[in-house]
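Let's take a look at how the nonpolar core and the aromatic rings are arranged here. The sequence and model come first.

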Amino acid sequence: MVLELLCNKQLFRNEFLHASYRLLRFCQIFGTVPWEVTLFASGSKPPPRWRIRLLRTGNAVYSLALMVAVIYATVLQHLEFDRHMPFMTRMLYISEYIMENGMVVLMLIGCHYQRHCYRRYCDQLLATANEVSLCGGTVGFHRLETTFNRLLAVVLLFFAGVLTVDFLYNERVFSSFLRSSAVYTLSNMINVLGLLQYAYVLYVVYFFYLDTNQLLTTYTRQLHSDGDTRYVRLVAHDTVLPSGALYDYAYLVDQLRRTHLRLAELLEQLNGCFGLLIVSTATDCFIVLSLQFFAIYLATTVQPWTVTDTYLLVYTVLWIVLHAAKVLLILYPCHLVQRERDRTGPILYRFDPAAHDRALNSALAKFSSQLLHVQGPQTACGVINLQMTLISTMVGALTTYLVILIQFETAISQGQSTGSTNGSSSLTGRGNGTT
């Protein structure tokens with residue numbers, strides 16, 4: 001039994017490392033994961049202290065260089081382009097700069113401050129995978145690897161397209177391209193990689209909740225068959241347990257209860273770790289989406305239309321897609337986790353309450369009472385409920401703010417046209433007088 005536990009643990013560890021390898025390396029390239037981080041404790045001899053200190057020093061210098069590059073490019077961008085904007089638009093751009101630079105600093109410094117969380121979370125996930133496997137479940141890390149490798153490829157292709165459009169929009173001037181890329185592309189790439197780490201852990205938790213519910217469903221079907229599995233009709237996603245095996249269902253249900261509680265505690269720790277980043281990202285997405293939808297409105301008034309305006313319109317649409325995707329990257333994994341977590345309660349009520357098994361009934365009662373304390377939406381810093389309904393709230397707020405921006409723009413345009421008309425009339429009067 002002990003040998004089986006050790007073999008399973010080593011197998012799950014290798015599968016988890018393989019599934020997270022690419023995401024971990026890309027995050028380290030962009031400074032959102034410390035270079036010396038290892039997801040699990042190594043059984044070999046640890047490296048010398050001087051090597052670890054040298055690695056940390058180099059990582060700190062690299063992160064500082066990224067922060068200075070983004071902040072310096074932001075100052076240049078503001079001084080060159082934002083001085084002649086209307087007040088409301090200029091304030092929104094300044095807010096965007098502050099939020100994006102703040103998130104860059106938060107990610108690059110926060111990952112070093114919380115570098116011990118990586119190993120702690122991975123140890124908890126590994127222990128959970130071992131518990132689920134002992135109950136008869138299968139932990140499919142290959143599903144996680146396939147999903148996030150594809151997602152990472154989409155992210156890289158998207159930012160490659162953004163850089164191409166940005167280069168063409170800047171009329172192939174390399175200095176302008178570097179400045180705008182540092183302000184917008186680099187800062188958002190760092191932000192997206194931070195959110196991908198959050199989504200990655202959430203998807204692991206979701207798969208564990210899914211396996212837990214499938215196991216409970218299988219237990220209920222086997223108990224209802226009274227030991228005769230010939231008349232049990234398997235449905236999709238049922239977990240097939242070995243025939244002829246004797247199971248202590250009270251023990252298995254209690255084991256899944258502890259797994260469920262461990263996952264709930266892990267979710268709370270995860271939202272506390274990423275809470276500030278989530279709130280900052282949601283605020284920044286609202287500001288950027290307001291600006292970009294307003295930019296599309298302004299694009300409809302451009303006369304005449306040029307090739308540069310086309311590049312700007314494509315760039316604006318790409319930015320809308322990016323920030324809408326960032327909101328979904330936060331909310332959709334949370335939605336999956338919450339939906340699967342809340343399915344556990346109805347599944348427990350499928351067990352036969354008239355069964356003469358006091359241990360099983362006691363385990364089910366304990367599990368049911370535990371679920372009463374883990375219901376409700378997930379929150380970020382107690383400020384935002386991480387539910388899909390947040391999208392409708394943001395759409396309503398964006399519509400209201402867009403109307404306000406259009407009204408300001410209309411008032412400014414009317415004031416400028418009135419001023420130019422009065423100026424031309426007075427100029428004509430002076431001309432006539434002199435004549």
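What follows covers the core, then the aromatic rings.

This is a predicted model, where local features need pLDDT of at least 70, side-chain atom pairs count only at pLDDT 80 or more, and totals for chains, interfaces and linings use all residues. Residues are numbered from 1 along each chain as its sequence is written, and side-chain values use heavy atoms, with hydrogens and water left out.

The largest nonpolar core (buried Ala, Val, Leu, Ile, Met, Phe, Trp, Tyr and Cys residues joined through side-chain atoms within 4.5 Å) has 114 residues, and among those touching the most other members are F16, L196 and Y198. Helix α6 (residues 174–224) gives the most to this core, at 26 residues; helices here are DSSP runs of H or I, at least four residues. Skipping neighbours within four places in sequence, L196 is in contact (heavy atoms within 4.5 Å) with L23, F148, L151, L152, V155 and L329.

On to the rings: the whole structure holds 16 aromatic pairs. Rings of Phe, Tyr and Trp (its six-membered ring) pair if their centres lie within 6.5 Å; planes under 30 degrees apart are stacked, over 60 edge-to-face, and the rest tilted. Here are two of them.

| Pair | Centre to centre | Plane angle | Type |
|---|---|---|---|
| F167 and F177 | 5.3 Å | 80° | edge-to-face |
| Y203 and F207 | 6.3 Å | 50° | tilted |

F167 lies in helix α5 (residues 141–169) and F177 in helix α6, so their pair ties together parts 10 residues apart in sequence. Y203 and F207 both lie in helix α6, four residues apart, and belong to one aromatic cluster with F16, F148, Y200 and Y206.

How values were computed. Buried < 20%, exposed > 50% of the residue type's maximum accessible area, 1.4 Å probe, protein only. Helix = DSSP H or I, 4+ residues; strand = E, 2+ residues; numbered from the N terminus.
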